[in-house]
Amino acid sequence: MNALIVEKLRSFAPAAVLQTDEFRGDLTVTVARNDIVRVGEYLKNDPALAFDMIIDLLGVDMYRPEDRFEVVYTLYSLKNRKYLRLKVRVDEQDPVLPSVTGVWAGANWHERETFDMFGLKFAGHPDLRRLYMPEEFEYYPLRKDFPTMGIPDSLPLPRR
Amino acid sequence: MHVRPSDDPNRKSRILSALEDQDASVTLHDPLDNEMILNMGPQHPATHGVLRLLIRLDGETVLAAVPELGYLHRGYEKIAEASTYHEFIPHTDRLDYLSPISNNVAYALAVEKLLGIEVPERASYIRVLVSEMSRIASHLVAVGSMAMDVGALTVLLWTFREREKVLDIYDVLCGARFTTSYARIGGLQQDWTPQCSAMLRRFLDEFRNDLAEIEKLLETNRIFIDRCENVGCLSRGDAIALGLTGPILRAAGVPRDLRRDVPYFVYDRFDFNVITLTESDALARFYVRIGEMKESAKILRQALEQLPAGPFRAGEPKKVLPAKERTYTRMEELIHDFMLINIGIDPPVGEVYQGVESSKGELGFTIVSDGTGHPWRLKIRSPSTNNLSALSTMLKGAMISDIVAIIGSIDPVMGEADK
């Protein structure tokens, strides 16, 4: 199955597939940032693959000079009972990537969470607000340069 | 001339001036021809924790609803990055605090997938046992509190009486009723004992009748049925598109159950049905949960029957904590214990995702490892967050009194939703 997915993706968009990894039987396909919506639509609508559910979407701060962030999409195919991970690399200087809410509506809150925690902006998201932290919070807590103990006074107590 | 209070034109302005005296700035319009914004929660008994809802109402009809999360956000994913793989186990108790023990074993399973270790068969069976027990315990709360929200208080007391019995077994098994921390990487904290088997058998014998009683009380309750039927409907397509999992998805006609579809532990050895209904309303979700409890009881009986003898921890001394008595008496084990506690396991570089079917839906952990003893990134895929994201769709067009029934049918646990 993994080989079939890679083969189909490579023939659909040869330039979009940057890298494929397999670890413990799980396939991860790294996709060019601007092709994620196109690849997502293909994976969802192709009758043989049918990745119709988005299970999870997460940001990772790799803390490296280039392509600092990674966004990982965990997809699931009800038909094939199969998981697939897509990965997109995002640079710190330009932390914008296309939103996949148009492909899978369930990505909505996941993208809000990733914006909240990493400051990655999803272009085309209908309602990109913070999910957990207060609106006026200035930092992105899951970035590696945010200290685990927090920043004093970054969360003001409500005035009485 | 006598003026009735409601016709008195000065009455409204007197209310207004009284309000303004209280240091509030309010504008009052005629409530009958205006939309109203209602703030529900975070301190509301029917929101099952600290969920906040902002609801736009036209009379009694909900026009739009926006859930607000984060009142219980504790930053577990950040904490995980600063702790070793073992140190994070107690935090998983506090995710879905209604079924802590199944979170423990789910997390341990994810780490084992990263490390590439197999747990002994007995440990897998015990994990099935505790997962199904926690599914029953959690569904009992879901059923009871949903019934309470729509006015049938007795059921809550009955379901909690049953739940107590499950918690008593936890108590004997691992010494804690709620915050169990029962799993260990590569095994379990303690072995399953014959006493646990006896307690569980007694519970299962009684549970059949007790569940039937609970069912009878609700199935013949006209108010309960009327308040739940055709409430909070969601189409099959919407449920899939929104990434919903668990009883809500199965009540919408999608027979997705990871225990059968992507088997983990030893679930492929048991005979059970995936309860699926098509009505997709609050009542269908209730019936799915009732059915799942019966299936869980079936799995529990089979697992008790098949439970093999043998070790309950994997024989991987560099990765799995040694038994405590050996740590205190043997040099080798002392060194391993010291290294595992202070430096942590040395996993390979890589990333894994492992999802399990918890009582609320798919609970998953994505672990990104950089080869050190701490996870570089640990993402919790919590079913409650995902299921709550469908709340605005379900609430649109509902009546204000349906809100509590719909929230109850989603069965969110805010500890898990807010992470």
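**Entry 1. Chain B, overall**

I began with burial in chain B and found that 48% of its 419 residues count as buried. I note at the outset that I am working from a predicted model. For the secondary structure of chain B I recorded 18 helices and eight strands. I then took the extent of the C-alpha trace of chain B along its principal axes, which is about 100 × 45 × 40 Å. I also looked up the sequence separation of contacts in chain B: among those with a separation of 6 or more, 70% are between residues 24 or more positions apart.

**Entry 2. Chain A, overall**

I repeated the survey for chain A. I found that 37% of the 160 residues of chain A are buried. Chain A has three helices and seven strands, and I wrote down their order along the sequence as α-β-β-α-β-β-β-β-α-β. The box filled by the C-alpha atoms of chain A, taken along the principal axes, is roughly 60 × 30 × 30 Å. Of the contacts in chain A between residues at least 6 apart in sequence, I noted that 48% join residues at least 24 apart.

**Entry 3. Strand pairing in chain A**

I turned to the N-terminal strands of chain A. Strand β1 (residues 17–23) and strand β2 (residues 26–31) of chain A are antiparallel, and I recorded six bridges between them. I looked up the partner of A:F23 in β2(A) and found A:D26. The hairpin of β1(A) and β2(A) has two residues between the strands, and in it I noted a positive phi near 55 degrees at A:R24.

I next asked which strand runs parallel to β2(A). I found strand β5 (residues 82–90) of chain A, joined to β2(A) by four bridges. In this pair I located A:L86 of β5(A) opposite A:V29.

**Entry 4. A sheet in chain B**

In chain B I examined an open sheet of three strands, ordered β1-β2-β3, with antiparallel pairing. I identified β1 (35–40) and β3 (61–68) of chain B as the edge strands, since each pairs on one side only. From one strand to the next I recorded an average twist of 20 degrees. Between β1(B) and strand β2 (residues 52–58) of chain B I noted six bridges in the antiparallel sense. Within β2(B), I found B:L54 as the bridge partner of B:N39.

**Entry 5. The nonpolar core**

I looked up the largest nonpolar core and found 154 residues in it. I listed those with the most contacts inside this core: A:L75 and A:L86 from chain A, and B:Y107, B:A110, B:V111, B:A239 and B:I406 from chain B. I noted that helix α5 (residues 121–149) of chain B gives the most to this core, with 14 residues.

I then followed A:L75. Leaving out residues up to four places away in sequence, I found that A:L75 touches A:L43, A:F51, A:M53, A:I54, A:I55, A:Y83, A:L84 and A:L86. I had met A:L86 in Entry 3 as the residue opposite A:V29.

**Entry 6. The contact between the chains**

I finished with the contact between the chains, to which chain B gives 33 residues and chain A gives 27 residues. On the side of chain B that touches chain A, I found at least two residues from each of α2 (76–81), α9 (236–241), β6 (350–357), β7 (362–369), β8 (377–381) and α15 (383–388). I asked which of these elements gives the most. I found β6(B), with five residues. I sorted this side of chain B by class and recorded ten nonpolar, twelve polar and eleven charged residues.

Notes: Residues are numbered from 1 along each chain as its sequence is written. Chains are lettered from A and ligands numbered from 1 in the order in which they are written. This is a predicted model: local features need pLDDT of at least 70, side-chain atom pairs count only at pLDDT 80 or more; totals for chains, interfaces and linings use all residues. Two residues are in contact if their C-beta atoms, placed from the backbone, lie within 7 Å. Ala, Val, Leu, Ile, Met, Phe, Trp, Tyr, Cys and Pro count as nonpolar, Asp, Glu, Lys and Arg as charged, and the others, Gly among them, as polar. A residue is buried if 20 or more other C-beta atoms lie within 10 Å of its own, exposed if 12 or fewer, and partly exposed in between; C-beta atoms are placed from the backbone. Two strands pair if DSSP finds at least two bridges between them. Axes are lines fitted to C-alpha atoms, for helices over the stretch in contact, and angles run from 0 to 180 degrees between N-to-C directions. A nonpolar core is a set of buried Ala, Val, Leu, Ile, Met, Phe, Trp, Tyr and Cys residues joined through C-beta atoms within 7 Å.
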